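Work through the exercises below with the model open beside you. Try each task before you read its solution.

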Amino acid sequence: MKYECDVIEDLLPLYKDGVCSKASLKAVEEHLAECPKCTQMLNALKDTVIDELIVRERDEVIDSQSRFFKRRSAVIGSVLAAVFALPILICLIVDLASGNGLGWFFIVLASMLIPTSIFVVPLMAPKNRMFLTMCSFTFSVILLLAVICIYSRGSWFFIAASSVLFGLSLCFVPFIVCRRPVNAYLKNYKGLAAMTIITATFFLMMICIGIHVASRKYFILAFGISVPMVLLVWVVFLIIRYMPANGFVKAGTSIGVISIGSFVANMMITQIVISKLDEVMVYTDHSQISSIIGVVIGMILITIGLVVKKGENKENA
Ligand SMILES: [Zn+2]
C-alpha cells in the first residue's frame, strides 16, 4: 500500500463530502480498493450521516406537528370563548332593556367563566396548562358563589367558598404540586406541601362554619373530633413518606398506628363530649375489637417486612 491507513483516515471525511483534491481522491480510491479496514470506516461515516439526517427530519416533523396542534388549539379556544361570550352578551342586552339593573348579567358572566376555565384555558395557555386550568376553575367557582351570594343577599358565602376550596384542594393540590411550575420550587417537599395546604383549607372551612354557627358547642365538638383525626392522617403520611423501611413495614406500622390512634381518639372524643357538653351520649363501642385486630394485622405485616428485608440483605451479601 502506498499510504499508511492513518493518512487515509484523515482524508476520509473530505473524500466522503467530495471536497478533497484530485490527487487525494486518487490516493484514497487506490487505498480503499486494497484496504477493507478503511472501506469499513468510510461506510461507518456514511451511516452516521444518514442517522443525523433521520434525526433532523424527525425533529422537523415533530416541530411542525406541534406548531399545527398549537395553532388548531388556539383556533378552537377562540371559537369556544366566543360561544361562551354569547349568553353573556344576550343577558347584558336583556338586563339593560328590562331596566332591572345588571343582577342576572353578573351571575351569567361568572357562571360562563367556569366552562371557560375548563375548556378554553387548557387550549389557549402556552404552558403550565394543568396549573392554570385548576387555578382558574377554582377561582371561577368561588367568584360565582360570591356573585350569587351578593345577588341573593345571603350570608353563606364563607361557608360555601371555604368548603369548595377544601374540596377542590383535596382533588387538585396533589396534581398541582407535581406539575410545573410549582414542582420546581417544592423539589422534595411536594407531599409535605400538599398535606399542609389541604390541612389549612380543612381548618379554614371548619372555622368559617364555626363563625357562621356561632356556638361554643360547635367548636368543642368539631375541633375535638377533627384535630385527633387530622393528626392521625398526618402521622400515617409521615410514616409512608419518611420512614426508612420497605412497603410491608410501612403498611404494618400505618395499620397499627391507625388502630391504636383511632381507639385513643375515640376515647378522647368521648371524654370531651361528656365532660364539656354535659350530655350523656348513648353509643356502643366496638372500637376495642377492631383496634386489636388492626394491631395484629399490623404486626404480621411488619414481621413479613423484616423477614423480606433480612432475605434481601443476605442476597446482597
Ligand atoms: Zn487502510
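**Before you start: contacts and ground rules**

Of the contacts in the chain with a separation of 6 or more, 64% join residues 24 or more positions apart. Two residues are in contact if their C-beta atoms, placed from the backbone, lie within 7 Å. Residues are numbered from 1 along each chain as its sequence is written. The model is predicted: local features need pLDDT of at least 70, side-chain atom pairs count only at pLDDT 80 or more, and totals for chains, interfaces and linings use all residues.

**Exercise 1. Take stock of the chain**

Task: State how many helices and strands the chain has, and find its overall dimensions.

Solution:
- Step 1. Count the elements. The chain holds eleven helices and zero strands. Helices (H or I, at least four residues) and strands (E, at least two) are DSSP runs, numbered from the N terminus.
- Step 2. Take the dimensions. The C-alpha trace spans about 110 × 80 × 25 Å along its principal axes.
- Step 3. Compare with a globule. The radius of gyration of the chain is 34 Å, but a compact globule of 317 residues would have one near 20 Å. This radius is taken over C-alpha atoms, and the globule rule is 2.2 Å times the number of residues to the power 0.38.
- Step 4. Check burial. Of the 317 residues, 15% are buried. A residue is buried if 20 or more other C-beta atoms lie within 10 Å of its own, exposed if 12 or fewer, and partly exposed in between; C-beta atoms are placed from the backbone.

**Exercise 2. Test two helix lengths**

Task: What spans should helix 3 and helix 5 have, and what spans do they have?

Solution:
- Step 1. Use the rule: the expected span is 1.5 Å times one less than the number of residues.
- Step 2. Apply it to helix 3, residues 36–98. Its 63 residues should span 93 Å, and its end C-alpha atoms are 93 Å apart, so the two agree.
- Step 3. Apply it to helix 5. Its 23 residues should span 33 Å, and its end C-alpha atoms are 32 Å apart, which agrees.
- Step 4. Look at cover. Helix 3 is hardly covered, with one buried residue among its 63. The buried residues of helix 5 are Met-134, Ser-140, Val-141, Leu-144, Leu-145 and Val-147.
- Step 5. Look past the end of helix 3. Gly-99 follows, with a positive phi near 70°.

**Exercise 3. Find the core**

Task: Which residues make up the largest nonpolar core?

Solution:
- Step 1. Fix the term. A nonpolar core is a set of buried Ala, Val, Leu, Ile, Met, Phe, Trp, Tyr and Cys residues joined through C-beta atoms within 7 Å. In soluble globular proteins, nonpolar side chains tend to be buried together.
- Step 2. List the members. The largest core has nine residues: Phe-106, Val-108, Ala-110, Met-112, Leu-113, Val-141, Leu-144, Leu-145 and Val-147.
- Step 3. Assign them to elements. Helix 4 (103–124) and helix 5 (129–151) each supply at least two residues of this core. Helix 4 gives the largest share, five residues.
- Step 4. Follow one member. Leaving aside neighbours within four places in sequence, Leu-144 is in contact with Ala-110, Ser-111 and Ile-114.
- Step 5. Find another core. Apart from the largest lies one of six residues, including Val-173, Ile-176, Val-177 and Ala-194.

**Exercise 4. Place Leu-123**

Task: Is Leu-123 buried, partly exposed or exposed?

Solution:
- Step 1. Locate Leu-123 in helix 4.
- Step 2. Count neighbours. There are 19 other C-beta atoms within 10 Å, so Leu-123 is partly exposed.
- Step 3. Name its contacts. Beyond neighbours within four places in sequence, Leu-123 touches Ser-73, Ile-76 and Gly-77.

**Exercise 5. Study a bend and the backbone in loops**

Task: Where does helix 6 kink, and which peptide bond is cis?

Solution:
- Step 1. Find the kink. It is about 40°, at Leu-170, shortly before the proline Pro-174. The bend at a residue is the angle between axes fitted to the seven residues ending there and the seven starting there.
- Step 2. See the packing. The buried residues of helix 6 pack against helix 5, helix 7 and helix 8.
- Step 3. Find the cis bond. It joins Arg-180 and Pro-181, with omega about -5°. Pro-181 sits in the loop between helix 6 (157–176) and helix 7 (182–186).
- Step 4. Check Arg-153. Its phi is positive, about 50°, although it is not a glycine. Arg-153 is exposed because 6 other C-beta atoms lie within 10 Å.
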